[in-house]
Amino acid sequence: MEQPEGFLLEAAAPRQTGPALDSCEASPDEGLIEDLAIIDKKAVEQLTEGLISHYLPDLQRSKLALQELTQNQVVLLDTLEQEISKFRECNSILDINALFSEAKHYHSKLVNIRKEMMMLHEKTSKLKKRALKLQQKKQKEELEREQQREKELEREKQLTAKPARRT
């Protein structure tokens, strides 16, 4: 019978090199080197292929599942970034709304101040007119009093007795 290359018979490599041991005292590593020499390269390849063929489909499915999970995580992260930017926009919109309401408040204050200024302007204009009329009336009354005094002085002059001239 022809043996494959690298195959050694058990008889060619003695198993025990030292004194015989009881089954309790046998070392687990004893004979390991000799057993490794017996293993055929072809058998190693077949076992390797069998092991790979047994685990490879599961590993490939796991790899695909991990790739899909990674893609889903990327999509989720992108979506999360978009949501965060929406919240930031909402906050900025709230800030803008606050600014608009504040501007509206100050605009109404300005309108009220303008109305008050116009009302004060009208009142001051009326007061100026009234003061001018009062001043004119006072001047007219003073002028009339002055004229009345002059008339009275003139009348008194005329009423005072004049000495008769002797001729």
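Is L56 buried, partly exposed or exposed? In this predicted model, select L56 and display its surface: L56 counts as partly exposed, because its relative accessibility is 37%, and the partly exposed class lies between the limits of 20% and 50%.

**The helix that carries L56**

Extend the selection to residues 41–159, which form helix α2 and include L56. Place a distance monitor on the two end C-alpha atoms of α2; they are 169 Å apart. At 1.5 Å a residue, the 119 residues of α2 should span 177 Å, so the distance between the ends agrees with the expected span.

**The kink**

Return to L56 and view α2 from the side. A kink of about 35° lies at L56. Select P57 as well: the kink comes shortly before this proline.

**The nonpolar patch**

Keep L56 selected and add L51, I52, Y55 and L59. Together with L56, these residues make a nonpolar surface patch of about 490 Å². L56 therefore serves as a landmark twice on this tour, since the partly exposed residue belongs to the patch and also marks the kink in α2.

**The salt bridges**

Next, turn to the charged side chains. Side chains of opposite charge can pair when their charged atoms come close. How many salt bridges does the structure hold? There are three, and each can be visited in turn.

Select D58 and R61. Their side chains meet in a salt bridge with an N to O distance of 2.0 Å. Both residues lie in α2, three residues apart, or about one turn of the helix. R61 counts as exposed because its relative accessibility is 51%, whereas D58, at 39%, counts as partly exposed.

Move along to E83 and K86, whose side chains form a salt bridge at 3.6 Å, N to O. This pair is again in α2, with a spacing of three residues, about one turn. Colour the two by accessibility: K86 has a relative accessible area of 45% and is partly exposed, and E83 is partly exposed at 34%.

Finally, select E146 and R149. The closest N and O atoms of this salt bridge are 3.4 Å apart. E146 and R149 are separated by about one helical turn, because they stand three residues apart in α2. E146 is partly exposed, with a relative accessible area of 36%; R149 is partly exposed too, with 48%.

Why does this spacing suit a pair of side chains? An α-helix has 3.6 residues a turn, so residues three or four places apart point the same way.

How values were computed: Residues numbered from 1 in each chain as written. Predicted model: local features only at pLDDT ≥ 70, side-chain atom pairs only at ≥ 80, totals over all residues. Heavy atoms only, no water. Patch = residues over 30% accessible without salt bridge, like charges linked within 9 Å, V, L, I, M, F, W, Y side chains within 5 Å. Areas by Shrake-Rupley, 256 points an atom, 1.4 Å probe, with all protein chains shown as cover. Salt bridge = Lys/Arg side-chain N within 4 Å of Asp/Glu carboxyl O. Helix = DSSP H or I, 4+ residues; strand = E, 2+ residues; numbered from the N terminus. Buried < 20%, exposed > 50% of the residue type's maximum accessible area, 1.4 Å probe, protein only. Expected span 1.5 Å × (residues − 1). Bend = angle between axes of the 7 residues up to and from the residue.
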